Amino acid sequence: MSQIESKTKECVSETLAVTILPEVDVQVNPDGVCLKIDLPGVDSNHLNIQLDKQILTVQGEIVLQEKSTFVIDELAGQKYEQSFTLSSELDTERISASLHEGVLTLSLPKKEALKPRKIEVKTE
């Protein structure tokens, strides 16, 4: 390690983890709600989605697989967190999640009894 690298490490502490609110797109349709959450660099092994009563919390962390040779690495240890208060109209037992290229998609369907439905008219 050069003197410059050594002095830099003395003067600059390792990256401080900062929790970031991720960007979220919300789509509402007759069947429910779809959330698309940007979590670049987060893989499914470092993603935590929890539901406590009507509060849905999404947490993710960027963990690099290989040891970094950078003196300062601002990417590793970056954390995302966002919470949502869910409507009682949503069926929390049927929430589904998928992660593709850094975008987490959460599907939150409405309860069947609350979905619009067509009523058939019988003729006599």
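## Selected residues in a predicted model

Glu23 lies in the loop between strand E1 (19–20) and strand E2 (24–29), where strands (E, at least two residues) are DSSP runs numbered from the N terminus. This is a predicted model, in which local features need pLDDT of at least 70 and side-chain atom pairs count only at pLDDT 80 or more, while totals for chains, interfaces and linings use all residues. Residues are numbered from 1 along each chain as its sequence is written, and side-chain values use heavy atoms, with hydrogens and water left out.

The pLDDT is the predictor's confidence in each residue, from 0 to 100; its mean over the chain is 83, and 77% of the residues reach 70 or more. Over residues 6–15 pLDDT stays under 50, and the model has nine contacts beyond four places in sequence for them, a contact being heavy atoms within 4.5 Å. Where pLDDT is low, the predicted coordinates should not be read in detail.

Glu23 is exposed, with a relative accessible area of 60%; exposed means over 50% relative accessible area, buried under 20%, and partly exposed in between, with a 1.4 Å probe and protein chains only. Not counting residues up to four places away in sequence, Glu23 touches Lys36, Ile37 and Asp38, and the C-alpha atoms of Glu23 and Lys36, which are 13 residues apart along the chain, are separated by 8.3 Å.

The largest nonpolar core, a set of buried Ala, Val, Leu, Ile, Met, Phe, Trp, Tyr and Cys residues joined through side-chain atoms within 4.5 Å, has 16 residues, of which Leu35, Ile37, Leu39 and Val58 touch the most other members. Two or more residues of this core come from each of strand E3 (32–38), strand E5 (55–61), strand E6 (79–85) and E8. Beyond four places in sequence, the contacts of Val58 include Ile37, Leu39, Tyr80 and Leu106.

Lys110, in the segment after strand E8 (103–109), is buried yet has no salt bridge, and the nearest side chain of opposite charge, Glu89, is 4.6 Å away. A salt bridge is a side-chain nitrogen of Lys or Arg within 4 Å of a carboxyl oxygen of Asp or Glu; Lys and Arg count as positive and Asp and Glu as negative, whereas His and the chain ends are not counted.

Most residues other than glycine have a negative phi. The table gives two residues with a positive phi.

| Residue | Phi | Loop | Relative accessibility |
|---|---|---|---|
| Lys53 | about 60° | between strand E4 (47–52) and E5 | 73%, exposed |
| Glu101 | about 50° | between strand E7 (96–100) and E8 | 73%, exposed |

Technical notes. Helices (H or I, at least four residues) and strands (E, at least two) are DSSP runs, numbered from the N terminus.
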